[in-house]
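Visitor: I should like to take a close look at one single part and to understand how it is set within the whole. Please explain each term as it arises.

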Amino acid sequence: MPQIKFLTLARHIIEEERKYPEATGELSNLLHDLSLAAKVISLEVNKAGLVDIIGFTGDNNVHGEQVKKLDMFAHDMMVRAMDHGGHLCVMASEEEEDVIHIPSEFNIGKYVLLFDPLDGSSNIDANVSIGTIFSIYRRVSPEDGAGTMEDCLQFGHEQVAAGYVIYGSSTMLVYTAGSGVHGFTLDPAFGEFVRSHKNITTPKKSKIYSINEGNYLYWHPGLKKYIKYLQEEDKESGRPYTSRYIGSMVADIHRNLLYGGIFMYPADSRNPNGKLRLMYECNPMAFIIEQAGGKASDGKNRILDIQPEKLHQRVPVYIGSEEDVKMVESFLAKEEVESAK
Ligand code: AHM
Ligand code: MG
């Protein structure tokens, strides 16, 4: 009888750790705690249509947007699952204005956690896939006190791990700790994440573009030309491309990661920094995509090399298959040269 290797997230993490004799196991424990929070959020998301948790709380979050109850549930669950493990010195969440300190009764650790508890939450009512995004850094402040803002505002290239959980037709956790991207599917029968995707790589060139075309009017002329270019017919370069836009970053990027594709949330004349957040959305996704062989840019520079200035900073983002991201960069640069003439 053929032996099927049944690899849970916990076992995968232990096997990964064995490759690094200096590893203390702390990051593994942290990832384990995160997976517990993900399971609880997944359960709650799955029954969102059945219970009275769905709907608006009536409060606004730090971005002035209306917050749904499920966002708050996910935020609280993340904080409660992560504050007492002794691995973290500070946290920050897209749903909270300031950094979140570890309560004084718990041990302080050497890692920093940033997260978007429930991204794409405007889609909840329509049963569209949404997700939790996380990003982990090593602390840089002195080890004898509480973590600081400085710990949170590190370059994306300093991340030690990043991942997302997608609550879709099944729940999946995808993460990287800097040695490839791995995906785990939650087995609902016994509540374990089981490795379903080992070493995910994304195609270098794709046939899919994802962007909110409703904003066309406000785009940079170079971007308008690029999208037109993707829509033209040219067999040799595989055009026209297909347009796929869910409006839920985790779901759009997850699909593009597997099939190849470029996801864009550009700057435009109304939103000069785009919409998506550097620390909670763009940096973790950029780390994952780069680890899978793709590229992430703000149109000019590598996302992971952007100097963070504030927790809730927004940046334009072009992320996905390497050749496609390079192509949009060249369209944007060419237009800049033209307009400078
Ligand atoms: P959120 O963090 O408030 O949920 O917003 C982020 C979401 C992303 O998931 C998605 O890519 C984007 O907003 C969609 O924005 P738009 O509706 O403007 O296309
Ligand atoms: Mg978000």
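Guide: Helices (H or I, at least four residues) and strands (E, at least two) are DSSP runs, numbered from the N terminus. This is a predicted model, in which local features need pLDDT of at least 70 and side-chain atom pairs count only at pLDDT 80 or more, while totals for chains, interfaces and linings use all residues. Residues are numbered from 1 along each chain as its sequence is written, chains are lettered from A and ligands numbered from 1 in the order in which they are written, and side-chain values use heavy atoms, with hydrogens and water left out.

The part chosen here is the site of the magnesium ion (ligand 2), which is coordinated by Glu94 (OE), Asp116 (OD), Asp119 (OD) and Glu281 (OE), at 1.9 to 2.5 Å. Donors are N, O and S atoms within 2.8 Å of the metal (3.2 Å for Na, K and Ca); because water is not among the atoms, sites may look incomplete. Along the chain, the donors of this ion follow the spacing E-x21-D-x2-D-x161-E. The pair of aspartate 119 and glutamate 281 links distant parts of the chain, 162 residues apart: the aspartate belongs to strand S5 (residues 111-119) and the glutamate to helix H7 (residues 278-291). Aspartate 119 counts as buried because its relative accessibility is 8%, and glutamate 281 is buried as well, with a relative accessible area of 1%. Buried means under 20% relative accessible area, exposed over 50%, and partly exposed in between (1.4 Å probe, protein chains only).

Two loop residues may be described in the same terms. Histidine 87 is found in the loop between helix H3 (69-82) and strand S3 (88-93), and its relative accessible area of 9% makes it buried. Leaving aside residues up to four places away in sequence, histidine 87 touches Glu26, Asn29, Leu30, Asp33, Gly109, Lys110 and Tyr111; contact means heavy atoms within 4.5 Å. Glycine 147 lies in the loop between strand S6 (130-138) and helix H4 (149-152) and is buried, at 2%. Among the residues that glycine 147 touches are Cys89, Val90 and His101. Glycine 147 and histidine 101 are 46 residues apart in sequence, yet 7.1 Å apart in space, C-alpha to C-alpha.

The whole protein provides the setting. It has eight helices and 15 strands, and buried residues make up 53% of its 341 residues. Of its contacts between residues at least 6 apart in sequence, 63% join residues at least 24 apart.
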